[in-house]
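Reader: Hello! I am new to this structure and would love a close look at one part of it. Could you take me through it slowly?

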Amino acid sequence: MSKNDDDLRPSWVPEEPNPEFACSVVRGIDSAVNSVTGAKEYPDAVHLRKVPLRKKMSIEEYVEGVAKGDRMILSKAITLIESNAPKDFDKAQRVLQALLPRTGHALRVGITGVPGAGKSSFIESFGTMLCQQGYKVAALAVDPTSTITGGSILGDKTRMQNLSREPNCFIRPSPSKGTLGGVTRKSRETMLLCEAAGYDVILVETVGVGQSETTVRDMVDFFMLVVLTGAGDDLQGIKKGIMELADAIVVNKADGDNLERAKVTQGEYERMVEFIRPATEGWQTHAYRCSALKKTGLLELWAVMREFEKVTKKSGVFENRRQRQTLSWVHSMIEEHLHNLFFEDPIIKSRMPEVRAAVLTGVVSPSQAVTELIRIFDMDRASARHLEETKY
């Protein structure tokens, strides 16, 4: 303490040490405020505890840890992939490139449906069943991002209490960040890291969707739509564009008093798919029912997925789809990269307020504004800036 200890001691603290007085007052770590002068008093630097900096892992350590199936290092590698810092981009891509030969051996399953359909409950019951059969399961759960605060709860791992206890399971919640279905380039790369870590089945859960979603279809092998009873008539069901993408339609919560309604709904969807072109060549989409609560119908669905994998691999559709997905991934990454280069360019940033104001006041048309911005954009300058930012 300083010379003005009495000024810093509250009035209710006894001046002499008293064993009956159970509390003590100590100086704060950073500073203390003199109650008389109001001045801050700082402790000597020699008395401050030095906090060691966290060691940064090398590319080799990331690759070795993921290849061994170390879940902690896998989590750190996914965090590196998800980082928006330009300096992390090059390192993340080097890690992914080194692990690519170990990818491509897992069955990728996409699970989507309306909010409240029981997607998380299904994944927990289905994933637990697979783990108990000896499979290694990775569940990539996407939580919606608030359009107001920009935050996500990321609570799916907390909800999947039984599955999170399985040693053969890895659960990674991620924010949707406003993308359709919540799946982005980083979701694809996260899936590849899980495959490199030796996981046999990748379950990708999307946020609740409505009548349109194609992004998830472009990154998984088997696409499953989870539905509820009483979701509309036959025509309304056919209008749902997402049904054209599904390899299986699953009526969840088929238990208790809802069982009979689930059977009726299954029959309705079975009739609907007869009017829709199959999502996968050589495979006929059917409707099934299950109960994530009672654990019924899960083995049947797993058998359907294995049969799908067998049929499509034999016909070559499986490999052709993955090749198309890879090319689609390349195109989406080009669009994302060009988008970032354009909007992060300092010249564009400086001119954007002026152009925006001109458009809003009707001085120039939106087409003229776009032409003007493209004219002043210099690709070489933007690329040079990007390379500079990615240096270590």
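Where does Lys295 lie? Please start there, and then show me the surroundings.

Author: Happy to help! One thing to keep in mind is that this is a predicted model. Lys295 lies in the loop between strand S9 and helix H11. The backbone there has a feature worth a look: Lys295 is not a glycine, yet its phi is positive, at about 65°.

Now step from that loop into helix H11, which covers residues 298-315. A good residue to pause at is Phe308, which sits in this helix. With a relative accessibility of 1%, Phe308 counts as buried, because the cut-off for that word is under 20%.

Phe308 has aromatic partners, so here is how such partners are described. For two aromatic rings, one gives the distance of the centres and the angle of the planes. The protein has eight aromatic pairs. In one of them, Phe222 meets Phe308 edge-to-face, with 5.0 Å from centre to centre and 80° between the planes. This pair links distant parts of the chain, as Phe222 belongs to strand S7 (residues 222-227) and Phe308 to helix H11, and 86 residues separate the two. Both Phe222 and Phe308 are buried.

Another aromatic pair joins Trp283 to Phe308, again described as edge-to-face: the centres are 5.3 Å apart and the planes stand at 90°. Trp283 is found in the loop between helix H10 (259-272) and strand S9 (286-289), while Phe308 is in helix H11, so this pair ties together parts that lie 25 residues apart in sequence. Trp283 has a relative accessibility of 12%, so Trp283 counts as buried too.

Two more places bring in rings from helix H11 and beyond. Trp302, whose number falls within the 298-315 range of helix H11, belongs to a cluster that ring pairs build from Phe122, Phe126, Tyr135 and Trp302. Further along, Lys313 places its charged end over the ring of Phe318, 5.1 Å from the ring centre. Lys136 does something of this kind elsewhere: it lies over the face of Tyr199, at 4.5 Å from the centre of the ring.

Let us go back along the chain to helix H10, on the other side of the Trp283 loop. Ala262 has its place in this helix. At 0% relative accessibility, Ala262 counts as buried. Setting aside neighbours within four places in sequence, Ala262 is in contact with Thr229, Val251 and Ala254. You can also compare Ala262 with Val250: they are twelve residues apart along the chain, and their C-alpha atoms are separated by 9.9 Å.

Just before helix H10 comes a loop that connects it with strand S8 (248-251), and Lys253 lies in that loop. If Lys295 caught your eye, look at Lys253 as well: its phi is positive, near 65°, and it too is a residue other than glycine. Lys253 has a relative accessible area of 36%, so it counts as partly exposed.

If you would like to wander further, try the loop between helix H4 (86-99) and strand S3 (107-113), where Thr103 is found. Thr103 has a relative accessibility of 14% and therefore counts as buried. Its side chain reaches the backbone oxygen of Leu100 at 2.7 Å. Beyond residues up to four places away in sequence, Thr103 touches Leu192, Glu195 and Ala196.

Helix H4 also has a part in a pocket. The second largest pocket has a volume of about 370 Å³. Its lining has 13 residues, and those closest to the centre are Lys56, Met57, Tyr62, Leu80 and Lys91. Helix H3 (71-82) and helix H4 are the elements that give two or more residues to this lining. Tyr62 turns up again among the buried residues of helix H2 (residues 59-67), which are Tyr62, Val63, Gly65 and Val66. After helix H2 comes Gly69, with a positive phi near 85°.

Finally, here is the wider setting for your tour. The protein comes to 15 helices and nine strands. It has 392 residues, of which 42% count as buried. Among contacts with a separation of 6 or more, 76% are between residues 24 or more positions apart. The pair of Phe222 and Phe308, 86 residues apart, is a good one to find on your screen as you begin.

Technical notes:
Residues numbered from 1 in each chain as written. Predicted model: local features only at pLDDT ≥ 70, side-chain atom pairs only at ≥ 80, totals over all residues. Heavy atoms only, no water. Phe/Tyr/Trp six-rings, centres within 6.5 Å; stacked < 30°, edge-to-face > 60°. Helix = DSSP H or I, 4+ residues; strand = E, 2+ residues; numbered from the N terminus. Buried < 20%, exposed > 50% of the residue type's maximum accessible area, 1.4 Å probe, protein only. Lys NZ or Arg CZ within 6 Å of the ring centre and 35° of its normal. Polar contact = N/O pair within 3.5 Å; in protein donor to acceptor, adjacent residues only side chain to side chain. Contact = heavy atoms within 4.5 Å. 1 Å grid on protein atoms, 1.4 Å probe; cavity = no way out; pocket = protein on both sides within 12 Å on 5 of 7 lines; lining within 4 Å. Points joined across faces, edges and corners; volume = space filled by probe spheres on them.
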